[in-house]
Amino acid sequence: MDIRIAKRKYHQHKCVAKQRNVLFEISYEDWKSIWIQSGHWEDRGSAKGKYCMSRKNDCGPYAVGNVFIQLFEKNIQDSVVH
């Protein structure tokens with residue numbers, strides 16, 4: 001994992017959350033750890049077959065205990081339901 005890329009992706013995620021008026025309460029280290037533990041760091045993205053960080057029930061902040069990694073298309077499907 002390239003640390004410069006990881007930090008850039010982390011800050012991009014924070015910015016997008018802010019634009020969507022969603023609180024982002026995950027430190028860089030926790031964010032990185034969640035991705036590494038998921039085994040999908042290399043597969044992340046916003047396209048079919050890629051993985052994204054999602055919030056439980058698409059509610060609340062991006063926070064440890066309220067996020068998980070899932071397929072992008074499943075995240076889109078879940079957001080339509082809620």
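**View 1. Surroundings of M53 in the predicted model.** Among residues more than four places away in sequence, M53 is in contact with H13, I26, W31, I34, W35, Y62, V67, F68 and I69. M53 also belongs to the largest nonpolar core, where it is one of the residues that touch the most other members. H13, one of the contacts of M53, is shown again in View 3.

**View 2. The largest nonpolar core.** This core holds 16 residues. Those touching the most other members are F24, I26, W31, W35, M53 and Y62. Two or more residues each come from helix 1 (3-19), helix 2 (28-38), strand 1 and strand 2 (67-71). Helix 2 makes the biggest contribution, with 4 residues. In soluble globular proteins, nonpolar side chains tend to be buried together.

**View 3. H13 in helix 1.** H13 has a relative accessible area of 16%. It is therefore classed as buried, the limit being under 20%. Setting aside neighbours within four places in sequence, the contacts of H13 are F24, W31, M53 and Y62. These four residues are also named among the core members that touch the most others.

**View 4. R55 in strand 1.** R55 is found in strand 1, which covers residues 51-55. With a relative accessible area of 8%, R55 is buried. A polar atom of the R55 side chain lies 2.5 Å from the backbone oxygen of G60. G60 is also listed among the contacts of R55 beyond four places in sequence, together with R20, V22, P61, Y62, N66, V67 and F68. Two of these residues, V67 and F68, lie within the range of strand 2 (67-71). Y62, V67 and F68 are in contact with R55 and with M53.

**View 5. The cysteines C52 and C59.** Which cysteine has the closest sulfur to that of C52? It is C59, and the two sulfurs are 15 Å apart, so they are too far from each other for a bond. A disulfide would need the sulfur atoms within 2.5 Å. C59 is accordingly in no disulfide, its nearest cysteine sulfur being that of C52. A search of the whole structure finds 0 disulfides. As for accessibility, C52 counts as buried at 11%, whereas C59 is partly exposed at 44%.

Conventions
Residues are numbered from 1 along each chain as its sequence is written. This is a predicted model: local features need pLDDT of at least 70, side-chain atom pairs count only at pLDDT 80 or more; totals for chains, interfaces and linings use all residues. Side-chain values use heavy atoms; hydrogens and water are left out. Buried means under 20% relative accessible area, exposed over 50%, partly exposed in between (1.4 Å probe, protein chains only). A polar contact is a pair of N or O atoms within 3.5 Å; within protein, one must be able to donate a hydrogen and the other to accept it, and residues adjacent in sequence count only if both atoms are side-chain atoms. Contact means heavy atoms within 4.5 Å. A nonpolar core is a set of buried Ala, Val, Leu, Ile, Met, Phe, Trp, Tyr and Cys residues joined through side-chain atoms within 4.5 Å.
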